[in-house]
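Colleague: I have a new model open and would like to learn how to read it. Could you walk me through it, feature by feature?

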Amino acid sequence: MTIRHSAIHQPEILPLPAFQDNYIWLLRVDKHAAVVDPGDAEVVEHHLAAHGLELSAILITHHHADHIGGVRALSSSRDIPVFGPAAEDIDGVTCGVIEGDQIELPELGVRFEVFEVPGHTRTHIAFYAADGGEAEQPGGILFPGDTLFSAGCGRLLGGTAEQLHASLQRLAALPGETRVYCTHEYTLANLAFARIADPDNHERDAWLAECKRLRARGQPTLPTRIALERRINPFLRTGEASVIASVGTHHGQAVPDSLSCFTAMRAWKDVFRA
């Protein structure tokens, strides 16, 4: 699916907190807006009304309720496209998309490429724009849903460890300046695990200190950047000898390669308590 439009804008991207730790990301240019993974319609409607915005599109990464719960309420009274994974029957999705599809939001002037990134769920997708976002922050933008978090990744809730490992490696290969708009404020909890799984990572410790300062001021730790995640996210560092050694020690046996390390680490994180 390709929708083409020649205008180029620089949308502002804002987090709308929802539930306990979700972020619904809102993109806006002038009075036009789009939202990503709106689990709560009321949060979105309140922001649209408060700022006089018109909703132009909805983007969905996967089928979990905290990501799609507000879709019907937001779209039922509006003639707008709702983009989501074609391989999943998600209530309210009007435009099913697959790997390689290009979608453009004409009112915002942003063109996204669709990546299929299974693992967290079997049919998970991500939206990537090589150029987009705020003018003072050059670089691409990525909405990875629950595939990639700062210092972490999603649980296996339908996909396999092999799929999620491959999906994360694919996202890690994006340009370093790509801004990553994760959908949960999990960063501090993820960093607590990262300190155990990747103990001698001083850059990670610096990021932890910065995140503590941000959260103390009530600010999000997101977006993060791909270059930073390559350096501090243990799930992107499963080929590093130090990480392999740490995971092997915890696992009680050697982990011979990156995938084995990832699989053992994901299982470890599932039961980890700080």
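Modeller: Happy to; we will go from the whole chain to its cores and then to two single residues. Keep in mind that this is a predicted model.

Colleague: Let's begin with the fold. How many helices and strands does the chain have?

Modeller: Secondary structure is a good first inventory. Here the chain has nine helices and 14 strands. Next, look at the radius of gyration: at 18 Å it is close to the 19 Å that the globule rule gives for 274 residues, so the chain is as compact as a globular protein of that length. For the outline, the C-alpha trace spans about 55 × 40 × 30 Å along its principal axes.

Colleague: What share of the contacts with a separation of 6 or more joins residues 24 or more positions apart?

Modeller: That share tells you about pairs from separate parts of the sequence. In this chain it is 61%.

Colleague: And the surface: what does it come to, and what part belongs to carbon and sulfur atoms?

Modeller: The accessible surface is about 11600 Å², with 51% of it belonging to carbon and sulfur atoms. As for burial, 54% of the 274 residues count as buried.

Colleague: How far apart are the mean positions of the positive and negative charges?

Modeller: You average the places of each sign and compare the two points. With 23 positive and 35 negative charges, those points lie 6 Å apart.

Colleague: Which residues touch the most other members of the largest nonpolar core?

Modeller: For a core, look for its best-connected members. The largest one has 55 residues, and those touching the most other members are Leu59, Phe83, Phe112, Phe127, Ile141 and Phe143. Apart from that core lies another of 20 residues, including Leu16, Ala18, Leu26 and Val71.

Colleague: Now a single residue. Is Leu171 buried or exposed?

Modeller: Relative accessibility decides, and under 20% means buried. Leu171 has 0%, so it counts as buried. Leu171 sits in helix H4, residues 161-172. Beyond four places in sequence, its contacts are Phe115, Val117, Leu142, Pro144, Thr147, Leu148 and Ile226.

Colleague: And which residues does Cys211 touch, leaving out those up to four places away in sequence?

Modeller: Those are Thr187, Leu188, Leu191 and Thr221. Cys211 belongs to helix H6, residues 202-216, and its relative accessibility of 0% makes it buried. For a sense of distance, Cys211 and Pro81 are 130 residues apart in sequence and 35 Å apart in space, C-alpha to C-alpha.

Definitions and conventions
Residues are numbered from 1 along each chain as its sequence is written. This is a predicted model: local features need pLDDT of at least 70, side-chain atom pairs count only at pLDDT 80 or more; totals for chains, interfaces and linings use all residues. Side-chain values use heavy atoms; hydrogens and water are left out. Helices (H or I, at least four residues) and strands (E, at least two) are DSSP runs, numbered from the N terminus. The radius of gyration is taken over C-alpha atoms; the globule rule is 2.2 Å times the number of residues to the power 0.38. Buried means under 20% relative accessible area, exposed over 50%, partly exposed in between (1.4 Å probe, protein chains only). Contact means heavy atoms within 4.5 Å. Accessible areas come from the Shrake-Rupley method with a 1.4 Å probe; for residues, only the protein chains shown count as cover. Lys and Arg count as positive and Asp and Glu as negative; His and the chain ends are not counted. The place of a charge is taken as NZ of Lys, CZ of Arg, CG of Asp or CD of Glu. A nonpolar core is a set of buried Ala, Val, Leu, Ile, Met, Phe, Trp, Tyr and Cys residues joined through side-chain atoms within 4.5 Å.
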